[in-house]
Amino acid sequence: MCGIVGYIGHQEAYPILIKGLHRLEYRGYDSAGIALINPTGELNIYKTKGRVSDLEEFCTGKDISGTIGIAHTRWATHGEPNNANAHPHYSESENLALIHNGIIENYSVLKEQLVQKGYHFHSQTDTEVLIQLIEYIKTLNNVDLCTAVQLALGQVIGAYAIAVMEKGNPNQIIAARKSSPLVLGIGDNEFFIGSDASPIIEFTNKVIYLEDEEIAIIKRNEEPKIVTIGNVEKTHEIIQLELSLSQLEKEGYPHFMLKEIFEQPNRLRDCMRGRVDVTGNHIVLSGIIDYREKFLNAKRILILACGTSWHAGLIGEYLIEEICRIPVEVEYSSEFRYRNPIIYPGDIVIAISQSGETADTLAAIEQAKQQGAFVYGICNVVGSSIARNTHSGSYTHVGPEIGVASTKAFTAQLCVLAMLALCIARERKTIPETHILELLNELTRIPNKIERILQSDDSIQKLSNIFTYAHNFIYLGRGYNYPVALEGALKLKEISYIHAEGYPAAEMKHGPIALIDNEMPVVVVATDNDMYEKVISNIQEIKARNGRVIAIVSESDTVVKTIADYVIEVPTTADCFDPLLTTIPLQLLSYHIAVNKRRDVDMPRNLAKSVTVE
Ligand code: M6R
């Protein structure tokens, strides 16, 4: 939700921290702040509402010296985005500064106790309570900062990734995490902290991922020490990251989202690399093969996810039921975690998450594991919490997705689900081998077909001009394209702020049809598949009420082209892979409408890339 960056070493901290904040801005961007200890030991905090660029402006002319600092970019949970609520927060004496990602659930009780002890609060945040508590405990028990942090975190209920510094001590940062990610970068006599590796990778590819309830004591010119809240010392493997800096740059595109849309052909090739070999008629997903018996005997699959990943799950349901003949249920993680769900022995849970950090999905996984389920993760971010907390899984391997609206991660999730379904179908022999080979071959042709769709970008851009000022949109699709309609509507909502709803096309006449008039654009996914004739009837119903139809059709289409007001063509493919193609024009349409409306496409209002709080 929020972005955390820290530095201690031999370089000036400010430029490193500001650059890091820019890289982390996709995680939250309603306010930003920085704390630095200058060479005379003073602890300076500068923070402001707005973007990192506003912070830079605010810092102009101020003392930004120091080789140690922590910085934060915020996505508001407690308290509106304003200067006071921005991080870092000072303690009562202004001797300590803290940044925080997460939520302290029992903050109001703790706050009340601290107020009674004479502490004053300047913000509405839960974070300020934590730093006041740390200072209170430190003073009361006359302990060092690390011990005070350990004792304070022992009293806290909730999720946190934090970094703390102390006035007069330019040689130490204390960092800790629980249910919110935190990475420690190991440089040459210098150390970095990040919510993820993006602010670190420019300086070092050697990192340590902190585990829940672990604290890193990061001292200048010393090896970092990791202890638990209960003070048990831990050792950690240093991981070498394969992330490259160019993956974090726009590389000439005006927005990350457009770059990520256009990357899809190559990223899907990456996703299949080493897994699908058409010449050898091979498909290997090690996460499945290693647990072959479980998948062979699975009685039911539960798919848990949120947002766009949940849409991928719906497509996975159709696919797995069709070709593996295993019953599948798809559920929002946020609902699953608060029910008392029934898990049978032999059930498999598939958790899907781009970030691998979504709090609801993590909690749902825990719930499923406690009830004995085997959990398989489909994540993009390597080393993420979900990847580490599942029994097995497959990475989507599409590199960092920076645009807040998910695009390439979604198509890669579909690609992994397709490979997974083909693997299981082959193991269970639920469809003929010839059919598996046909599908396998077709899957490898998808990247080329997406390249063809991307060539229509100019005409989609022109089409977007016609609809920029629409107030509402309806998206319709059937079968495999029903979740595509949901995803198309979500994408438009997220980045253009136009109200949009997705429905299974046949549901329209059960209510939404009342909305159709000559001002209502209706995007209908009407490709040439099993549902084609039915969808044509739905389009007729819309046209009979003067609705304006934008249809996504197959290149071979002859009928819809004569009825719809506008068409966007996509190549034909197997029905089950249709979403991999039909999604692309909807991504582009949303993108161009949002650009026309001068929206901040990569950082839409109120959203954040990774939702690490409930
Ligand atoms: O990282 P996750 O895939 O778990 O995230 C789930 C949703 O928060 C995410 O898909 C969200 O809906 C995106 N903003 C969609 O574009």
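**Domains and ligand site in a predicted model**

The centres of domain 1 and domain 3, taken over C-alpha atoms, sit 45 Å apart. This is a predicted model, where local features need pLDDT of at least 70 and side-chain atom pairs count only at pLDDT 80 or more, while totals for chains, interfaces and linings use all residues. Residues are numbered from 1 along each chain as its sequence is written, and side-chain values use heavy atoms, with hydrogens and water left out. The domain assignment splits the protein into domain 1 (3-246), domain 2 (263-453) and domain 3 (456-599); such bounds come from an automatic or database domain assignment.

On to the ligand. It is surrounded by 14 residues, and the closest are Ser309, Ser353, Ser355, Thr358 and Glu494 (a residue is near a molecule if one of its heavy atoms lies within 4 Å of it). By type, the shell around the ligand holds four nonpolar, eight polar and two charged residues. Here Ala, Val, Leu, Ile, Met, Phe, Trp, Tyr, Cys and Pro count as nonpolar, Asp, Glu, Lys and Arg as charged, and the others, Gly among them, as polar.

What about polar contacts, meaning pairs of N or O atoms within 3.5 Å? Ser309 brings a polar side-chain atom to 2.6 Å from an oxygen atom of the ligand. For Lys491, an N or O atom in the side chain is 2.9 Å from an oxygen atom of the ligand. Val404 joins in through its backbone, with a polar atom 3.4 Å from a nitrogen atom of the ligand. Taken alone, the ligand exposes 410 Å², and the protein buries 91% of that (areas by the Shrake-Rupley method with a 1.4 Å probe).

Two elements give two or more residues to this shell, namely α10 (307-324) and α17 (481-496). Of the elements, α10 gives the most, with three residues. Helices (H or I, at least four residues) and strands (E, at least two) are DSSP runs, numbered from the N terminus.

Away from the ligand, a cis peptide bond joins His87 and Pro88, with omega at about 0 degrees. Pro88 lies in the loop between β4 (68-74) and β5 (89-90).

How values were computed:
A polar contact is a pair of N or O atoms within 3.5 Å; within protein, one must be able to donate a hydrogen and the other to accept it, and residues adjacent in sequence count only if both atoms are side-chain atoms.
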